[in-house]
Structure formats: structure tokens, C-alpha cells
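Got your viewer open and a selection box ready? Let's walk through this one stop at a time.

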Amino acid sequence: MSMTALGVSALFMVGCCTIAQIARVLSRRLVAREGIVPILINEAIAAAELCACCFELIIVADNFGVSMYAICLFLLTVWWGRVWGDASACPYTHMEDVLEGRTSFKEMALRSWAELMGGCCVYRVVQLFWWLELAETHRGRAFEACNADLQVSPYLGAVIEGVATLLCRLASKAISAKEPRFGSYIDSFIGTSLVVAAFNFSGGYFNPVLATALKWGCRGHTHLEHIIVYWIGACAGAVLSIPVFKLPVVRRLLLGAEPESKPKLE
């Protein structure tokens, strides 16, 4: 494939990120900063940005290989880590917050709903762009029936998504605790590496909203199998990361030896 086609894909993703950033700025200026509404808008924008770019990343992977896909994904995740703020575009992070007492079940449900709306609705924008066929890689893609990325049994796929999500969350928690230099780059590299490792097995989504926006209803798995792999698998891995991260052996492995508390003077 020509580099022109890759340039069109890159420009589309840059355009999506630019429009999303403009939307965030406008939202901060036009919507009151207090309350749940600005939080939900921010989540919807982040999810729309994530899913729009990942739709185009499918084009990149299909035509330019997994290596180019990984490079683009790494750069995007670094950018998102800098501009999303409190948004995550991923429901299991809010589940973790509920379990650790940082938010309510109601806010978790509302945030997840906003993410689903943003991620699923943006497909029409992507479809319009593909319909224009500005690049040879977009020919016939606008109305093409999609195929599932799941190449293993649903239960093995759920294990892969769950274990990879668990590792991602443990890495993020460790980086957040240690705050190393270039922590965001390290986190993005780990996440991208795990996505590439799972790419040919389950697709490596590690995000229920992303998987649903991109692959719900595609040929290759049923709706129930999709839920088992991409919702139950990923969410179980994220929730499990909370007690696993508290295990002394895991903390020593990820954080190193913690300083012993000094004895109190009588």
C-alpha cells in the first residue's frame, strides 16, 4: 500500500484528536464545572475519540501490519494520557472506584452509559469518512460486514482479555504509586505491548466500550460470547487487580522493598 494511504489514516486520527480537544475546551467554557454533567460529557468525548481512532487503526493494521498499528497506538495512548484528565473511556476503572469507595454505583453507571453513547455513535462519522474513499485502503469499507477478532474459544478469549487487563491495571497502579520519570510513556508501552501480544487471539481490546463499539454484532461470535470475552473477562481482570495489588509479594515485585516503619519511642 502507498504511503499516501497511511498519511490519510494518520491525518484522520490527528483530526479526530484535534476535534475532541476543541470539544473539551468548549465544554469547559459552556458547561458549569460542578455536577455530573461535565464529567459525563468528558467521558463521552474521550470514548468517541478513542473509538474513532481505533476504527482507523483497524485499517492501518489490515494494510500496513501490526508494527505500524503498534506505533500509532503507542503515540495515541501517550496523547490521551495527557489530555483526557479524569476521563478513562473505560467502565471498569469506575468499577474499581466503586469497590475502593471513591465513587458511587450511580456515577459508575452514568459514566459507563456516556462512554457507550460516545463510542457507538461516532461510527457514523467514521463511516462517512470511509464512504468518501479518500484512500485506496477505504474502498468498500464503509458498508462492509465486519468480522470478529476472536480467534480462540470464547472462554479462552475471556481469560486472555482478563489476564492482560489484570497486568495492565497492575502496571498502571505501580507506575502511579512510584511516579517514575516518563511514567506515562512506560504505561503506554506496556499497554501497547500487551495489545500486540493478544492481537491475534482475542483482538487485544482490554476495554468493554471499545470492543462493543468496534465489534458488537460482527460475524464470528454471538452477543453472549462477546459479553463473556470483552465485558466479563476484562472487568473481572480489572476488579481482581485491586486485591492482587495489595498482596505483599506483588507489592515487593512491583514496588520494591517498602521501608520498615520506625519503632515508636517510649
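**Stop one: the annotated spans**

Select residues 66-85: the end C-alpha atoms of this span lie 29 Å apart, and the span is 90% helix and 0% strand. Keep in mind that you're looking at a predicted model. Next, grab residues 184-207, where the chain is 62% helix and 0% strand, with end C-alpha atoms 18 Å apart. Both spans appear in UniProt, in an unreviewed entry, under "transmembrane region". That record also lists 6-27, 39-60 and 227-245, so feel free to color those too.

**Stop two: the cysteines**

Now show the cysteine side chains. How many disulfides does the structure hold? Just one disulfide turns up, and you'll find it by picking Cys 146 and Cys 218, with an S to S distance of 1.8 Å. The link ties together distant parts of the chain, 72 residues apart. Cys 146 is in the loop between helix H5 (123-132) and helix H6 (154-178), while Cys 218 is in the loop between helix H8 (208-215) and helix H9 (223-246). Put a dihedral on the S-S bond of Cys 146 and Cys 218: the torsion is about -100 degrees, so this disulfide is left-handed.

Switch on a surface and compare the two ends. Cys 146 is partly exposed at 32% relative accessible area, whereas Cys 218 is buried at 3%.

Then click on Cys 16, which is in no disulfide. The nearest cysteine sulfur belongs to Cys 53, 4.9 Å away, where a disulfide would need the sulfurs within 2.5 Å. Cys 16 counts as buried, with 14% relative accessibility.

Which cysteine has the sulfur closest to that of Cys 90? Cys 235 does, but the 7.2 Å between the sulfurs is too far for a bond. Cys 90 is buried too, with a relative accessible area of 5%.

**Stop three: two domains**

Color by domain: the assignment gives domain 1 (1-90 + 103-144) and domain 2 (146-257). Their C-alpha centres lie 19 Å apart. Select the contact and you'll have 22 residues from domain 1 and 18 residues from domain 2.

About 1,700 Å² is buried between domain 1 and domain 2, and carbon and sulfur atoms give 77% of that area. For a close-up on the domain 1 side, pick Val 66, Phe 74 and Leu 116, which lose the most area to domain 2 and together make up 24% of what that side buries. Hunting for salt bridges across the interface of domain 1 and domain 2? The count there is zero.

Note on methods. Residues numbered from 1 in each chain as written. Predicted model: local features only at pLDDT ≥ 70, side-chain atom pairs only at ≥ 80, totals over all residues. Heavy atoms only, no water. Helix = DSSP H or I, 4+ residues; strand = E, 2+ residues; numbered from the N terminus. Buried < 20%, exposed > 50% of the residue type's maximum accessible area, 1.4 Å probe, protein only. UniProt positions renumbered as here; feature names shortened; annotations may be inferred. Domains from an automatic or database assignment. Contact = heavy atoms within 4.5 Å. Buried area = accessible area lost by both parts, 1.4 Å probe. Salt bridge = Lys/Arg side-chain N within 4 Å of Asp/Glu carboxyl O.
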